[in-house]
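This report describes a single protein chain on the basis of its model. Please consult the sequence and the structure shown here alongside the text.

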Amino acid sequence: CEKLDASSFRFTIPAETLPGLYDLWAIGSNGVSAIRTFTIGRRAEQLEVEPNDSVSTAMPVPLDVVINGQIDKAADADHFQFDAKRGQRVVIECCAERIDSPLRAVLEVFNTSGRRQAVNRGYYGIDPLIDFSVPADGSYIVKVQDLVLSGSAEHYYRLDIDTGPRVAFSLPSVIERGKASRIALYGWNLQEQNTRQTLSEVANVADSSSTALADVGKSAFDRVEIEIPATLAE
């Protein structure tokens with residue numbers, strides 16, 4: 001950590017640090033600061049560029065990118081345009097509550113004719129996610145706004161537009177220490193040769209603690225089984 005001036009610091013994250021959410025706080029002569037959440041991602045990062053308040057001014061973005069943005073005023077809405085091919089599975093996720101933002105995000109996907117393709121307002125808690133199967137080659141618009149149309153500098157978010165492999169959960173979710181085990185991973189864009197199961201099918205083979213998964217929706221998860229050797233079950 002390097003002090004730049006009276007109120008600014010630069011800190012360096014080791015390259016081997018794993019992606020995820022981390023607690024970050026400062027310790028000084030006056031005590032300990034409040035904890036804030038800091039994110040380390042695995043995809044390219046971009047900053048939102050205004051104006052992007054309408055479909056016509058949507059910010060062009062590539063696939064497999066994270067956009068860091070703000071709903072910075074009341075009734076603000078941010079739009080982003082990406083190109084995709086028919087059959088691609090694009091997972092669009094907005095992270096806000098999980099990084100201490102007051103934004104109650106709503107995600108929508110439109111085609112360039114303005115027809116809404118998908119909408120979500122809560123998947124991981126109140127943070128939305130859309131599993132979007134691209135119906136035709138072309139451009140699509142992602143819209144982010146607050147549920148009650150509020151906004152401020154604190155209404156920040158991370159928008160992830162992803163086509164890579166992503167695990168949602170595993171069954172079982174616990175294994176015995178020191179014992180080789182076989183588990184099934186469920187998620188999106190996993191290996192093509194593996195099966196795809198609906199949430200209700202997953203719930204039928206899971207234990208009772210997993211049956212709530214059937215309430216999430218009708219979208220299908222990819223499934224892949226992996227072996228965990230005893231040497232890694234520590």
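The report covers the fold, the confidence of the model, the main pocket, selected residues and some backbone features.

## Basis and overall fold

The model is predicted, so local features are given only at pLDDT of at least 70 and side-chain atom pairs only at pLDDT 80 or more, whereas totals for chains, interfaces and linings use all residues. Residues are numbered from 1 along each chain as its sequence is written, and side-chain values use heavy atoms, with hydrogens and water left out.

The protein chain contains one helix and 20 strands. These elements are DSSP runs numbered from the N terminus, with helices being H or I runs of at least four residues and strands being E runs of at least two. Of the 234 residues in the protein chain, 36% are buried. Here buried means under 20% relative accessible area, exposed means over 50%, and partly exposed lies in between, computed with a 1.4 Å probe on protein chains only. Among contacts in the protein chain with a separation of 6 or more, 63% join residues 24 or more positions apart; a contact means heavy atoms within 4.5 Å.

The mean pLDDT of the protein chain is 89, and 88% of the residues reach 70 or more. In residues 205-218 the pLDDT is below 50, and this stretch has 14 contacts in the model beyond near neighbours in sequence. The pLDDT is the predictor's confidence in each residue, from 0 to 100.

## The largest pocket

The largest pocket has a volume of about 550 Å³. Its lining comprises 21 residues, of which R42, R43, E93, D160 and R166 are the closest to the centre of the pocket. A pocket is an open set of points on a 1 Å grid over the protein atoms alone, where a 1.4 Å probe fits and protein lies on both sides within 12 Å along at least five of seven lines; lining residues have an atom within 4 Å of a point. Grid points are joined across faces, edges and corners, and the volume is the space filled by probe spheres set on them.

Which strands each supply at least two residues of the lining of the largest pocket? They are strand 3 (20-24), strand 6 (36-40), strand 11 (89-95), strand 16 (156-162) and strand 17 (166-171). Strand 16 provides the largest share of the lining, four residues. By residue class, the lining consists of ten nonpolar, three polar and eight charged residues. In this scheme Ala, Val, Leu, Ile, Met, Phe, Trp, Tyr, Cys and Pro are nonpolar, Asp, Glu, Lys and Arg are charged, and the others, Gly among them, are polar.

## Three buried residues

V90 lies in strand 11 and counts as buried because its relative accessibility is 0%. Beyond residues up to four places away in sequence, V90 touches L63, F82, I130, D131, F132, V134, I161, D162 and T163. The C-alpha atoms of V90 and L63 are separated by 8.2 Å, with their positions 27 residues apart along the chain counted as the separation.

A184 is located in strand 18 and is buried, with a relative accessible area of 5%. Leaving aside neighbours within four places in sequence, the contacts of A184 are F169, S170, L171, R223, V224 and E225. A184 and F169 are 15 residues apart in sequence, and their C-alpha atoms are 8.7 Å apart in space.

N189 occupies the loop between strand 18 (181-188) and strand 19 (196-198). With a relative accessible area of 19%, N189 is buried. A polar atom of the N189 side chain lies 3.2 Å from the backbone oxygen of T163. Not counting residues up to four places away in sequence, N189 touches R89, V91, D162, T163, G164, P165 and D222.

## Backbone features in loops

Two cis peptide bonds and two residues with positive phi are listed below.| Feature | Value | Loop |
|---|---|---|
| E50 to P51, cis peptide bond | omega near 0 degrees | P51: between strand 7 (44-47) and strand 8 (59-60) |
| L171 to P172, cis peptide bond | omega near -5 degrees | P172: between strand 17 and strand 18 |
| A75, positive phi | about 70 degrees | A75: between strand 9 (65-70) and strand 10 (77-84) |
| D100, positive phi | about 70 degrees | D100: between strand 11 and strand 12 (105-111) |

A75 is not a glycine, and neither is D100. A75 counts as exposed because its relative accessibility is 54%, whereas D100 is partly exposed, with a relative accessible area of 34%.

How values were computed: A polar contact is a pair of N or O atoms within 3.5 Å; within protein, one must be able to donate a hydrogen and the other to accept it, and residues adjacent in sequence count only if both atoms are side-chain atoms.
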